[in-house]
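Good morning, everyone, and thank you for making time for this. I would like to walk you slowly through one model and the places where its parts meet, so please have the sequence and the structure open in front of you.

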Amino acid sequence: MDWLNAIVQGTLLGGLYVLFAAGLSLIFGVMRLVNIAHGDLIVLGAYLGLTVTTTVGLHPLAALVIVVPAMGLIGYALQRGLLNQTLGDDLLPPLLVTFGLSVILQNGLLELYTADPQKMDAGALETASVTVGGLTLGVLPLLTFGFAVAVIWGLQWTFYRTGLGRAFRAVSDNQDIAQLMGLNRRHIFGLAMALALAVTAIAGILLGIRTSFDPSIGGGRLIFGFEAVIIGGLGNLWGTLAGGVILGVAQTLGAKIDPGWQILSGHLAFLIILAIRPNGLFPRIAA
Amino acid sequence: MSLQDYTVTRSSQAARVAAVLGALALIVLVCAPWWAGRADMRLMGELFLYLALASLWNLMAGYAGLVSVGQQAFVGFGGYVLFALTMFGGLHPLAAIGLAGLLGALVSMPVAVLIFRLRGAYFAIGTWVIAEVFRLGFAQISALGGGSGSSLPVAIVKSLASKRAMRESISYWLALGAAVLVVGCVYLFLRSRKGLALTAIRDNELAAASLGIDIWRAKFTVYVVTSALTAMIGALIFLQKLRISPDAAFSVNDWTAFVIFIVVIGGIGTIEGPIIGTLVFFALRETLADLGTIYLIVLGLVAIVMMLRAPKGIWGLVRSRFDLQLFPLGYRVIAPKPEKEA
Amino acid sequence: MPDPILQMRGLTAHYGDFQALYGIDMHVDPGEVLAIIGANGAGKTTLMRSVTGLLRNGANQIRYRGQDISRLRADQVARRGLAMVPEGRQLFPSLSVKENLMIGAQVGRKGPWDLGAVYRLFPILDERKDQQSISLSGGQQQMVAIGRALMSNPDLLLFDEISLGLAPIVIKDIYAALPGIIKDGMSAIIVEQDIAQALKVSGRVYCLQEGRVSLEGASDKVTREEISRAYFGIA
């Protein structure tokens, strides 16, 4: 029963990692960009949520209504203003520019909010739980997992059922020809980053309700998201969902053996999968 | 002018002047314990170690296309190996530094096999995962102080030299020696056949493969060699600090972010770049460090602007204006001087 | 005589240090079918990339309907009614046949061409509309590429090497469909390696050689000798 509990809790924890990963997966799928600052943007989302809840007095979940569009706008501006200039055949510019951005974000947050750990107050939601078949499940982890499934489903639907998704796939396939068809890739990339950061806002707020956070934790969130993407297989959104769950379960199982092993066992699970299945469990596009 | 009149040469006037000036500067630097104060020597020692780290990162990223954000894995590994071997193996610190390099090479091999499966930017994050695994792993070893770390016992420090001034001089010379060794190794490596292969890969991976260059092996070699040398530098760094903890040893900011800024600002893919970048970085740090986080934000901005506006860094700007090469790597074709207009 | 729909004056183009076009003067009249011929490397593809906006050119070198388009992006040029059937078809592999066609309609120009009209022109595409575009045969892919360009209801349609890599029988079918495509006052530029085919469907012809126009004339007037001189640079 203990072990079953660990697996179930790990699955729900994986929901948070799916939310970390979804934006990363989307951006890579559309423009082959890997954003090193992704984790810091998640933390930025958490801080924006904190500011909204403390100044306006909204519940953190209600703050989503403000933070999600705000992060979307930031994403569009960031892409058009900065990241579009780095795209091309050379790998270094996007990598180093997003790395620089990561340092700027981290220290900017440090300057604004200090290094003190912060947390968002979600009231009764934080402790509420339901009992299912002898297992006690937190309402917040359940809600997070629900968000994760909804986000993946929503992105999948956008990609394969809407004109925007068609444009994403066309630009991803062949930028020049897409441009000939009247699609401005700079605008499309901006929209993709806006969507990715909108998802990141959800991730940041749920992170900030669940645990305390400070400006330095972005790198770790990037790594979790990245591991979920690779485990699931590049370019496969449902694979990313599976990857996040596997990572979460590996962590809770590791923690069960020894609390100090929680994060480490997640990394080891990732490395083992990388050794056995280099393209992830459900690959769609080659890395 | 017939074709025979053209000469192909590696050397140039600037390179010969640079070699002479470099040798003179080296002599002056070696004599630093007799002319520099303690604080200056410590600063210079740190500068040399950063120069070594930057040259190594530049070899990987600028020449082999292996952009790593996880070299702190080997800095920390080298530091911890130094502590473990001297504290529990009873080794002399200098022997431990050498062994740190050897062990670094051994450890980097399976790591390379694993993370070379990731391409491009994903490779970069993969190296970061490895560094995290190292950090969390060493934090589990209670004999080395676990998460809070440990200090180097006084007896071991004294084994280097009994007098403090002598210890500081040795420390300084080791750092200087490491920088010279690394820059020299990188230069000689790039001039060798393997180095040429590397440059070919950087310029065009497909064409290089079709010419029969084993890309995987070339990159593997670079990764293992740089990891070994990085581990040795790491051991030196923590021999100076005398204290180690997982967070300090595997800090992505200290051992990767700063190193990347140095290389980007100085000029990636050139030997001169890291040297200039290190000087600029330390000049900025000494003047702006009081600003704390603002200083780091400025560094980030400078790196971004540099990458977008001058991707070849300061040295790239200098070179495009003056056609200089202080470390002659490429061959130059020199047209004969027209003797008389016909 | 009506104003030309497309006019190039002293068009130059560079790839880095390499100059590919040296002062091209060329025009297309409304409703006209123009052929451009030339050997490999003569600059035909560069010319197409310049006109469509994939390559930036100097100001005022290309005018479309009297307006300077030489510094516009490709998507802005497309919105003004200039479409291309690119060399090698270049369909979007992760889009179905129908989605490929719908991408063509993205510019939102009104006109006779919609999904139904394209399916009437190429009925096989209706049957295959939900297939992945790259699972089709070469000829069918070419139909998708043509349909995709038509969906934008262009005023000027560029065909870049449409017979390249196709079987002769398929080429015949494609060219047989051309009169049904180029109608209602639409103009077209046909870039072709197959000189006979190009001359047959066009009213006027330009020949390029090493980035310059080496011959211009009515397609039914130019002689074989003139063409071989202009094409190969030898008498």
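Before I count anything, let me fix one word: when I say contact, I mean heavy atoms within 4.5 Å. Please also keep in mind throughout that this is a predicted model.

Let us begin with chains A and B. Which two chains share the most contacts among the 2 pairs of chains that touch? Those are chains A and B, and the contact between them takes 38 residues from chain B and 45 residues from chain A. The area buried between chain B and chain A is about 3700 Å², and carbon and sulfur atoms give 83% of that area. If you look at the chain B side, the residues that lose the most area to chain A are B:Arg117, B:Tyr122 and B:Ile125, which together make up 19% of what that side buries.

How many salt bridges does the rule find across the interface of chain B and chain A? The count there is 0 salt bridges, while the count of residue pairs in polar contact between chain B and chain A, both at pLDDT 80 or more, is 6. On the side of chain B that touches chain A, at least two residues each are supplied by α6 (120-139), α13 (252-266) and α15 (293-309) of chain B, and among the contributors it is α6(B) that gives the most, with 13 residues. Sorted by class, the residues on that side of chain B divide into 26 nonpolar, 8 polar and 4 charged.

Now let us turn to chain C. Here 22 residues of chain C are in contact with 16 residues of chain A, and the two chains bury about 1800 Å² between them, with 60% of it on carbon and sulfur atoms. Across the interface of chain C and chain A the rule finds 2 salt bridges, and one of them is formed by A:Asp176 with C:Arg49, whose closest N and O atoms are 3.5 Å apart. Because C:Arg49 lies in helix α1 of chain C and A:Asp176 lies in helix α7 (residues 175-180) of chain A, this pair joins two chains.

Between chain C and chain A there are also 6 residue pairs in polar contact, again with both residues at pLDDT 80 or more. The elements of chain C that each supply at least two residues of the side touching chain A are α1 (44-52), α2 (74-79) and α3 (97-104), and the residues of that side divide into 11 nonpolar, 5 polar and 6 charged.

You may be wondering about the remaining pairing: how far apart do the closest C-alpha atoms of chain B and chain C lie? They lie 16 Å apart, and no contact joins chain B and chain C.

Let me now stay inside chain B, where the domain assignment gives domain 1 (36-250) and domain 2 (256-324). The centres of these two domains of chain B, taken over C-alpha atoms, are separated by 21 Å, and 22 residues of domain 1 are in contact with 18 residues of domain 2. Together the two domains bury about 1600 Å² between them, 76% of it on carbon and sulfur atoms.

Between domain 1 and domain 2 of chain B the count is 1 salt bridge, in which the side chains of B:Glu46 and B:Arg285 meet at 2.9 Å, N to O. On the side of domain 1 that touches domain 2, the elements giving two or more residues are α3 (38-63) and α8 (164-191) of chain B, and the largest share, 13 residues, comes from α3(B). By class, that side of domain 1 has 13 nonpolar, 7 polar and 2 charged residues.

I will finish with the aromatic rings and the salt bridges over the whole model. The structure holds 30 aromatic pairs over all chains, including the pair of B:Trp216 and B:Phe220, which is stacked, at 4.9 Å centre to centre and with 15 degrees between the planes. Because B:Trp216 and B:Phe220 are 4 residues apart in helix α11 (residues 215-241) of chain B, they are separated by about one helical turn. As for salt bridges over all chains, the count by this rule comes to 18.

Technical notes:
Residues are numbered from 1 along each chain as its sequence is written. Chains are lettered from A and ligands numbered from 1 in the order in which they are written. This is a predicted model: local features need pLDDT of at least 70, side-chain atom pairs count only at pLDDT 80 or more; totals for chains, interfaces and linings use all residues. Side-chain values use heavy atoms; hydrogens and water are left out. Domain bounds come from an automatic or database domain assignment. Buried area is the accessible area (1.4 Å probe) that two parts lose on being put together, summed over both. A salt bridge is a side-chain nitrogen of Lys or Arg within 4 Å of a carboxyl oxygen of Asp or Glu. Ala, Val, Leu, Ile, Met, Phe, Trp, Tyr, Cys and Pro count as nonpolar, Asp, Glu, Lys and Arg as charged, and the others, Gly among them, as polar. A polar contact is a pair of N or O atoms within 3.5 Å; within protein, one must be able to donate a hydrogen and the other to accept it, and residues adjacent in sequence count only if both atoms are side-chain atoms. Rings of Phe, Tyr and Trp (its six-membered ring) pair if their centres lie within 6.5 Å; planes under 30 degrees apart count as stacked, over 60 as edge-to-face and the rest as tilted.
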